[in-house]
Amino acid sequence: MEPRPTALLILLALLPFDTWIGGASNAPSRPPSAAQGSTLDPRQLTALQSMGFPTAADPCADPAPHGNATACDNEAPFRHLVSLRLANCSPDLDIPTTALRALSTLRSLAFLRCPIPVPRHLPGPLTASLRSFSCDASLRHLTGVWLSRFQNLTDLSVVGVPVSASGPAVILSQMHHLRSATISATNLSGVVPHHWNALGLVHLNLSSNLLNGRIPSSISVLGFIQTLDLSSNALTGSLPDTIGDLAALKHASFARNSLSGPIPDSISQLSALVHLDLSSNQFNGSIPKFLAEMKGLKLLNLENNNFQGVFPFNASFLRRFEVFKVGGNNNLCYNHTQLSSSLKLGIAPCDRYGLPVSPPADRSTRADSSDYSDDSSDEGSRDAGSNGASHHGPSKLVLGVAIGLSCFVFLVIFLVCFSKVCS
């Protein structure tokens with residue numbers, strides 16, 4: 001029985017179009033181009049191409065772990081860029097303003113090793129949309145005013161690029177939503193801000209700059225801060241007592257400044273503190289005993305300061321630290337009855353008066369400054385040396401010569417006197 005025409009038409013309708021129209025040919029069909037097959041907004045695809053961004057593959061695919069990378073939303077019919085990272089750029093790359101306008105949907109923009117000119121004209125929609133901006137060894141030179149336009153940021157990171165500004169406040173004062181701010185190794189000058197609008201800051205890193213002046217007591221308003229790094233600047237004065245109000249603080253570094261004064265007692269209130277670095281400053285006074293009660297503290301660096309007196313802790317205190325450094329404090333010493341010289345603390349043992357034992361005359365023969373002998377043996381050796389000198393006295397040869405000369409002189413005098421008497 002022959003199939004009816006109606007059934008044949010239905011069968012053909014169910015087959016793919018390219019099977020029954022030109023489908024008799026076995027020639028493979030041409031794949032669509034990357035641009036035709038991309039789900040990215042055509043305007044943004046053009047913007048990426050103008051910046052030399054490789055678009056052979058779908059820019060909305062999984063981002064590469066290194067180099068250039070993108071991320072997109074799930075809008076239809078076209079997806080839009082929400083994250084863009086430009087890495088290892090050619091120094092000749094110039095980002096056109098039209099490209100920046102097309103990228104107004106970005107929420108994250110990052111430059112990694114891109115020594116290119118700074119885009120002078122930042123479209124308002126782009127600066128308003130960004131929540132994260134990162135610049136690592138890129139953009140040659142920045143200004144505080146240029147950075148301050150990103151007022152809606154929650155994360156700011158500028159590392160290894162010069163920044164011209166009268167202080168961090170120029171950059172940060174209008175960023176009310178900041179959670180993390182890193183401005184490091186930028187030659188940034190000025191002072192630590194006295195007023196903070198981003199009270200939700202959790203991470204603040206202003207290290208390796210040219211900041212000077214005192215650390216203001218108003219830093220205590222950063223009640224959510226967990227990481228505070230002000231190391232490698234030119235800060236002076238003492239740590240404010242209000243540092244103890246930073247109840248969430250876990251990691252604090254004030255190393256390599258010119259800070260002075262004692263360690264404030266308020267630090268004992270920082271129950272969450274894990275890492276405290278006060279090294280290479282001019283802190284003085286005694287090392288406070290309350291440090292032994294801070295059970296969460298795992299890294300403590302007090303080296304290269306002016307601490308003095310007797311080191312107040314025993315070996316059990318030191319064993320709970322992952323890192324502990326106290327060397328380079330010339331007026332600080334340890335009790336040799338509580339601590340062994342094998343711990344190599346980098347400080348001298350104390351004598352009977354609680355003062356550091358003087359180091360040996362030839363220190364080049366000692367591998368570590370802590371390798372002094374204990375107080376008792378040191379003093380014993382000095383006493384033994386002095387007693388030995390008195391016991392042995394001058395050598396026999398010297399004594400014999402002295403006696404012979406004395407006798408000769410006496411004989412000469414006797415003969416002279418005798419001759420005068422006889423005459």
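# A tour of two sheets and the loops around them

Begin by selecting Thr236 and Ser258, for Ser258 in β15 is the bridge partner of Thr236. What you have open is a predicted model, in which local features need pLDDT of at least 70 and side-chain atom pairs count only at pLDDT 80 or more, while totals for chains, interfaces and linings use all residues. Residues are numbered from 1 along each chain as its sequence is written, and side-chain values use heavy atoms, with hydrogens and water left out.

## The parallel sheet

From that pair, extend the selection to the whole of β13 (residues 234-237) and β15 (258-261), which run parallel and are joined by 2 bridges. Strands here are DSSP runs of E with at least two residues, helices are runs of H or I with at least four, and both are numbered from the N terminus; two strands pair if DSSP finds at least two bridges between them.

Now show the side chains of β15. In a regular strand the side chains alternate between the two faces of the sheet. Along β15, Leu259 and Gly261 point to one face and are buried, whereas Ser258 and Ser260 point to the other face and are not buried. Buried means under 20% relative accessible area and exposed means over 50%, with partly exposed in between (1.4 Å probe, protein chains only).

On the other side of the pairing, select β17 (residues 282-285), which runs parallel to β15 and is joined to it by 2 bridges; Phe283 in β17 is the bridge partner of Gly261. Strand β17 then pairs in the parallel sense with β19 (residues 306-310), again over 2 bridges, and there Asn284 stands opposite Asn306.

Return to β13 and go the other way, to β11 (residues 210-213), which is parallel to β13 and linked to it by 2 bridges; the bridge partner of Gly213 in β13 is Leu235. Beyond β11 comes β9 (residues 189-191), parallel to β11 and joined to it by 3 bridges, with Val191 matched to Asn212. With the whole sheet selected, you can trace 8 strands in the order β9-β11-β13-β15-β17-β19-β21-β22, an open sheet with parallel pairing. At its edges stand β9 and β22 (348-349), each with a single partner strand, so one side of each is left without a neighbour in the sheet.

## A buried asparagine beside β15

Next, select Asn257, in the loop between β14 (251-253) and β15. Is Asn257 buried or exposed? Its relative accessible area is 7%, so Asn257 counts as buried. Its side chain reaches the backbone nitrogen of Ala234 at 3.3 Å, and a polar atom of that side chain lies 3.1 Å from the backbone oxygen of Phe254. Both are polar contacts, meaning pairs of N or O atoms within 3.5 Å; within protein, one atom must be able to donate a hydrogen and the other to accept it, and residues adjacent in sequence count only if both atoms are side-chain atoms.

## The mixed sheet

Now colour the second open sheet, whose 12 strands follow the order β1-β2-β3-β4-β6-β8-β10-β12-β14-β16-β18-β20 with mixed pairing. Its edges are β1 (69-72) and β20 (323-325), each having a single partner strand, so one side of each is left without a neighbour in the sheet.

Within this sheet, zoom in on β6 (residues 155-159) and β8 (residues 180-184), which run parallel and are joined by 5 bridges; Asp155 stands opposite Ser180 in β8. Val158, also in β6, is buried with a relative accessible area of 0%. Its C-alpha atom is separated by 9.9 Å from that of Leu206, which is 48 residues apart from Val158 along the chain.

## Backbone stops in the loops

In the loop between β1 and β2 (81-87), select Pro77, which is joined to Ala76 by a cis peptide bond with omega of about 5 degrees. Move on to Arg113, in the loop between β3 (108-112) and α6 (124-129); although not a glycine, Arg113 has a positive phi of about 50 degrees, and its relative accessible area of 43% makes it partly exposed.

Finish at Ser280, in the loop between β16 (275-277) and β17. Here too phi is positive in a residue other than glycine, near 55 degrees, and Ser280 is partly exposed, with a relative accessible area of 28%.
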